[in-house]
Amino acid sequence: NYCSINNFNNIIKSDIIIISSPNKTHAYYLNKLHKLGFNNYIFCEKPLCENKKDFKELKKFLKKFDKLYVNFNYRHSAISNIIKKINNPKYGKPIQINFYNSHGLAFKNEFNSSWRSTNDKNFMLFNKAIHIIDLLIFFFDQPKINNYESISFAKNKSFNDTLRLSITFKNKLLANIFCSYSTTFLFRFEIICTNSHIIYDKNKILIYYPRNSFGKNKQFITPPVNFSKTFSKSFENDSLINSTNYFCNIVKKNGKFKIKEVESYLKTHKFLLDILN
């Protein structure tokens, strides 16, 4: 059973609170619940906040709050499974990651009247790229910003519909991220390793392995497919269901989220806010 009410004295009696309001209100509600002493489960849509002032306040109490779950659903997705697979030494060391997530929403006539069409120049960062950034930070730790561009290609000049971001992780791992509302539909993720090439595209994972694959003339050729898996539903649908089930299973067991998970939420937001400096 669930309820939607405005009286916080009643709200804090809940076992679970879901925060799915507009982005700019998330920090307000989290602060409000903390001040009222709420200590049960919170399922919060991303992001936790969009400015450094809110982040500083939230960090004071969230870093030890082990009943908070932020819906970074890529952590429970096919892409997460790909990254886990490269822990197998046979695939070699990851040296390059490329991620593309785009479609043509900004060219639709109704876009200008939708909630996505805002004057926020960094909308694509906090609403699209945030998921893949969070996943990479979760697995590869805090990165270094190389380059960030937020630009517009469609009709709405007050809205930056395209993001290009380049970041470097430890051990010289480089990631290029492209998110846009101004292209054909594209959802593709790839990892280039020293002994393999791994691709997620069109709901399918392919792993090409090994590096030393040769043709009749002894020249390098594309390696054979070492692993293949096709997913029946959409990426977003699968990852969202998996994420929600993960949260529900913790709640059912009256469990707690690992502090490492909570700390990684904060790392993600710190990185995003540092980009804007």
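Where does Pro210 lie? In this predicted model, Pro210 is found in the loop that runs between β10 (204-208) and β11 (225-230), and the legends below take that loop and several other places in turn.

**View 1. Two cis peptide bonds, each leading into a proline, are found in loops.** The bond that joins Tyr209 and Pro210 is a cis peptide bond, with omega at about 0 degrees, and its proline belongs to the loop between β10 and β11. A cis peptide bond also joins Lys46 and Pro47, where omega is about -10 degrees. Pro47 lies in the loop between β2 (41-44) and α3 (52-62).

**View 2. Asn171 and Asn203 have a positive phi although neither is a glycine.** Asn171 has a phi of about 60 degrees and lies in the loop that links β6 (162-168) with β7 (174-180). Because its relative accessibility is 58%, Asn171 counts as exposed. Asn203, whose phi is near 60 degrees, is placed in the loop between β9 (196-201) and β10, and with a relative accessibility of 23% Asn203 counts as partly exposed.

**View 3. The largest nonpolar core of the model has 79 residues.** The residues with the most contacts inside this core are Leu68, Ile132, Ile133, Ile177 and Phe189, and the largest share of the core, 12 residues, comes from helix α5 (residues 123-140). In soluble globular proteins, nonpolar side chains tend to be buried together. When neighbours within four places in sequence are left aside, Phe189 is in contact with a set of residues that includes Ile79, Ile82, Ile83, Ile97, Phe99 and Ile132. Asn98 and Tyr200 are also among the contacts of Phe189.

**View 4. Cysteines are shown in a structure where a search finds 0 disulfides.** Cys49 is in no disulfide, and the nearest cysteine sulfur, which belongs to Cys44, is 9.7 Å away. Because a disulfide requires two cysteine sulfur atoms within 2.5 Å, that distance does not meet the cut-off. Cys49 is buried, with a relative accessible area of 1%, and Cys193 is buried as well, with a relative accessible area of 6%.

**View 5. Eight strands form an open sheet with mixed pairing.** Read across the sheet, the order of the strands is β5-β6-β7-β4-β8-β9-β10-β11. Strands β5 (144-151) and β11 stand at the edges and have a single partner strand each, so one side of each is left without a neighbour in the sheet. From one strand to the next, the twist averages 5 degrees. At the β5 edge, β5 and β6 pair in the antiparallel sense over 7 bridges, and Ile145 stands opposite Ile167 in β6. Helix α7 (residues 259-275) lies across β5 and β6 and runs at about 65 degrees to β5.

**View 6. Strand β4 (residues 94-102) is largely enclosed by the rest of the structure, because 7 of its 9 residues are buried.** With strand β8 (residues 186-193), β4 pairs in the antiparallel sense over 8 bridges, whereas β4 and β7 run parallel and are joined by 7 bridges. Tyr100 can be followed in both pairings, since Tyr100 stands opposite Arg188 in β8 and has Phe178 as its bridge partner in β7.

Conventions. Residues are numbered from 1 along each chain as its sequence is written. This is a predicted model: local features need pLDDT of at least 70, side-chain atom pairs count only at pLDDT 80 or more; totals for chains, interfaces and linings use all residues. Side-chain values use heavy atoms; hydrogens and water are left out. Helices (H or I, at least four residues) and strands (E, at least two) are DSSP runs, numbered from the N terminus. Buried means under 20% relative accessible area, exposed over 50%, partly exposed in between (1.4 Å probe, protein chains only). A nonpolar core is a set of buried Ala, Val, Leu, Ile, Met, Phe, Trp, Tyr and Cys residues joined through side-chain atoms within 4.5 Å. Contact means heavy atoms within 4.5 Å. Two strands pair if DSSP finds at least two bridges between them. Axes are lines fitted to C-alpha atoms, for helices over the stretch in contact, and angles run from 0 to 180 degrees between N-to-C directions.
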